[in-house]
Structures are given as structure tokens and as C-alpha cells.
Amino acid sequence: MEKNLINRGEAKNRAEKESKHADMKQHADKLIQGFEKLEESHAKRAIWELFQNALDLTDNCEVTIELNHDRIKFSHNGEPFDSNTLSCLIKQVSSKTSDNTKDEEEVGQYGTGFITTHSFGKKIILNGSMREGKYYLPIHDFILDRRANNSDQLIESLLSQQDKVFDLIENGEIRIEALPFTEFSYITSSDLEKEYAKLAVDSLPLILPYVMRLNRRLKTVKVVSRDGIITNYVKGATIPHENLFITTININNKEQKIYSLVLKEGEDINSKKEQLVVLLPLKEKNETILLNDMLSRLFLYYPLIGTEMFGFNYIIHSKEFAPTEPRDSVHLKSKNEQIQEKEENNRQLLAKASELIFDYVKSVAENIAEPINLASIYFKTDHNNSLLNEYFIGFKKNWVENFKSFPLVETNTNRLTPSNVCFFDDGLFTEDNHFDSIYSIVNQFWDNIPKKEIAKKWTDSVLDWDDDSICFITSEMIV
């Protein structure tokens, strides 16, 4: 008679369903919380999260990015999924293991950072393969649908996707080879998603060559714009030349050279491991440029979005940087005891990079074209964090003191150090048609002034230095 008191099969099924629902709730909640935080800065990071996960999967990474009116598709030739990585993608948890044999450049797959890619759309169509032992199960139009009004809706959607993985394992077609590419197609439903996808593709010509230089695994990238224009990026070798390294990126068969200073890891000068890389503002070996204002100045293999105005005209990368949680900078100085070791390490890395830059500028100052482009120093010292201000004040002082001693200022006779030059007071440039006359007069009494065509640029630059020892010629002095 006791057997009829409860339906054990029904109770078991209900308990299993409730347990699965409870287990999936934490993943659904994390996704929803992540979506609520998405903003423009995350959208700018999103494309690099896709690159990051692709590069974890192969030593010779080939990527294709296609932008259409209703989607952005990201394809790579990396290792296919297995049941664990596909399940981790559904639940949005990192599939990185604690295996110490993993390459140091592997930074984990499908973790919290991957949520930023949903800036492009919350419905993703997945194509590729899933490895099962020695064989592969093709994945055709597998839909990851994160569109939901509440947690319960998303839980049911995630559970359904998880069941489809199990069904694929049980009933999927078996092949001896994997499909050559894994594809993520984000359906851009809203105007904002379309805008973010377009901004991501539009940013590639500026940023991608530097990302290719810093990521040894990234070999080729093909980009197809919304109007069908194809751009192919192919990385050449990185070759040492005197004190520099030169990397060639072929963009539709047109070369872009990237010049870098490198601090190798350890004592071995021939080591391929780069602890620190400074990407220089050079178009050619002896021709400087101003880096684009939209280009991040700090990289951790990928741009740390938010460091565009960090304070100098160089890019610094280190695999040892400890970034802030939003990946908009690195930890430098605060009252947080938990991150003081990270802050100290970051400060040391920036100090080492600074020394590399100082040595380089000192060696080329006499001969390089447009040396003023090497001397941009505009570190922000009005942060809300007083300790951070203290750090940047000292950091800026060190930079200014060094650059004051380099012969960077082109005069009518030779190159002088900024400490030996008299610059024009900013007030003398208020009327452009008067400056020719002013310069002609001043040139009769001072021989240590910048050339006329660069006088305004140098004044603007040294004003950013905030150094009281700099000499400025005023109207009163001329009179």
C-alpha cells in the first residue's frame, strides 16, 4: 500500500528538473547581470574578446570577420569544441583548465569577458564541429539565444541548449575530420547592436596591425565590410635591426611596418619570450608620426580600452600587466591592500618601459625626422584618487627631466635640448598674420628658438610638461 502513496518516477523527474533549474540559475543570473552592465566601452572590447578566444585554440590563427546588414560573423581555424567547451559556452563559464602545460598566452575561454561580445547581439548562430574521441560531430546552425525578459526565461533557454548538446552527442553525424572553421554569427537586431558591430569593424585598420604584432599566433585576418570590400592582413616576420625590431604587416599587399623595442624575458638575448614591448611612433626607421588619439597606449596583447590618453606617444605592452577589472587601464596606486603587489609590478614595468624609451630617444634625437613627435608628455594628474595623482606627478617629472636633456628641438642652426631653448609664449600666437613679424624680430636677439614652422607645436607640447624651468619669450621681453 505504501508504494501507491507517491509516484516515485514523477517525483524523481520533478526533483531532477528542479535541480537542473537551480544549477542553471546562477549562470542565467550572471548573464543578465553582465548584460545590464554593457556599455560603449565594453562594445569596443568585444571584438578583441573574440580574437582572444580564437588565439587560445591554435598556434597559426586565421580569422575572418564579415559584417552584413543583420549580423557580424567571426570565424577562426582553431581547435573545435568538445562537449565541455560547448557546455561552458552555453553557461558562460571559463573552460580553461589548471593544466600547467598550457601556453602563457592562453587566457581562458568563454568567461566573464566573453559577455562583452553580446554587445553585437544576444542571439548567436554557431557553426563548427565538436570533437568526440577520434571523431567529430558537425555543428550546424546551433542557436545560443540569450534573449529573455527575466531569469526564468533565460534558464529554460539555457537548459534547452544544454539538452541539444546531449542530443548532438547521441544522434549527431559522425565524421573523421572537423570542419575547417568555427563560426560565431551575432544577429544584430537593434540599431545599437548594428552600430557597435560597425564600430568594431571600422576600428580594425587602426588597431589590428598592432594586435597582430603582439600576438605571435595571429597570422592572417580577412575582413569583409558591409559593402563587400575585402581587406586581407598577413603578418610577416619580426626581424631585429640594430636596436629595433621591425614587423611587417601586409594589408592588401601594401606593407605597414611596426617598429618596436623589446625587453626579453630572463638573461637569454635570443629568447623569443618578450616581457615588455614598446611600439614606437614611426612610419619609417627615421620618420616619426603622431599616433591616433583613438589608439590605446597600453596593451595586454589587446588594447586596454580607456588608455588612449595615457600620457605619451608610444604603446607599451607587457604580458605581466595586471589590468583593472574593466580592462580600461592597469592597477598603479591605491589604498587597496589586495592589489598592492600588482600595483608595484605594474609601476616597475612602466619604469622599465620608460628607460627603454629614454635610451632610444637619446640615441636618435640628433637625426630623426620630426623629433617633436617623440616628446609628447601629457600625463593626467587630476584623478579622484590622490595616490594615483601622486604617482603620475612623479612619473611625469621623471619623463620631463629626461626629455629636457635630449637634443630634440630643431633651431635655425642645430638641434638643442629643451632646457637650452627659449620657446614662444602662447600669447604670441593669438594673431597668425602677426607671428611672422614677431618671429623675425625675436630671431635677431635669440638664436636658441625653434624653427618658425614648428614654434607653435613646441609651445603646445612643453606647456603640457608643466615645468617652471622652461624658458618662454613673452611680449614684454621682446619690447
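This report describes aromatic pairs, lysines placed over rings, cysteines and one tryptophan in a predicted model.

## Aromatic pairs and a cluster

A search of the whole structure gives 29 aromatic pairs. In one of them, F312 and Y314, the ring centres lie 6.3 Å apart and the planes stand at 70 degrees, so the arrangement is edge-to-face. F312 is buried, its relative accessible area being 0%, and Y314 is likewise buried, with a value of 0%.

A further pair is made by F379 and F395, whose ring centres are 5.0 Å apart and whose planes meet at 70 degrees, so this pair too counts as edge-to-face. The pair joins distant parts of the chain, since F379 sits in the loop between α6 (340-364) and α7 (386-403), while F395 belongs to helix α7, 16 residues apart. Both rings come from buried residues: F379 has a relative accessible area of 2%, and F395 has one of 7%. The four residues named so far are members of one aromatic cluster, which is formed by F310, F312, Y314, F358, F379, Y391, F392, F395, W399, F403 and F406.

## Lysines over aromatic rings

Two lysines are placed over the faces of phenylalanine rings. K122 lies over the face of F35, at a distance of 5.2 Å from the ring centre. K456 takes up a position over the face of F429, with 5.7 Å to the ring centre.

## The disulfide and two other cysteines

How many disulfides does a search of the whole structure find? The search returns 1 disulfide, and this link is formed by C422 and C471, whose sulfur atoms are 2.2 Å apart. The link of C422 and C471 is right-handed, with 85 degrees about the S-S bond. C422 lies in strand β19 (residues 422-424) and C471 in strand β20 (residues 471-473), so the disulfide ties together parts of the chain that are 49 residues apart in sequence. The two partners are described by opposite sides of the 20% cut-off for burial: C422 is buried, with a relative accessible area of 8%, whereas C471 is partly exposed, with a relative accessible area of 23%.

C61 takes part in no disulfide, and the nearest cysteine sulfur, which belongs to C88, is 20 Å away. Because its relative accessibility is 0%, C61 counts as buried. C88 is also in no disulfide, and for this residue the nearest cysteine sulfur is that of C61, 20 Å away. C88 is buried as well, with a relative accessible area of 8%. Since a disulfide requires sulfur atoms within 2.5 Å, the 20 Å separation of C61 and C88 leaves this pair outside the cut-off.

## The surroundings of W465

W465 is found in helix α9, which covers residues 455-465. Is the side chain of this tryptophan buried or exposed? W465 is buried, with a relative accessible area of 2%.

Leaving aside residues up to four places away in sequence, W465 touches A375, I377, K396, V400, F403, K404, P418, W458 and I470. One of these contacts, F403, is also a member of the aromatic cluster that includes F379 and F395. By contrast with these contacts, the C-alpha atom of W465 is separated by 46 Å from that of Q92, a residue 373 places away along the chain.

How values were computed:
Residues are numbered from 1 along each chain as its sequence is written. This is a predicted model: local features need pLDDT of at least 70, side-chain atom pairs count only at pLDDT 80 or more; totals for chains, interfaces and linings use all residues. Side-chain values use heavy atoms; hydrogens and water are left out. Rings of Phe, Tyr and Trp (its six-membered ring) pair if their centres lie within 6.5 Å; planes under 30 degrees apart count as stacked, over 60 as edge-to-face and the rest as tilted. Buried means under 20% relative accessible area, exposed over 50%, partly exposed in between (1.4 Å probe, protein chains only). Helices (H or I, at least four residues) and strands (E, at least two) are DSSP runs, numbered from the N terminus. A charge sits over a ring if NZ of Lys or CZ of Arg is within 6 Å of the ring centre and within 35 degrees of the ring normal. Contact means heavy atoms within 4.5 Å.
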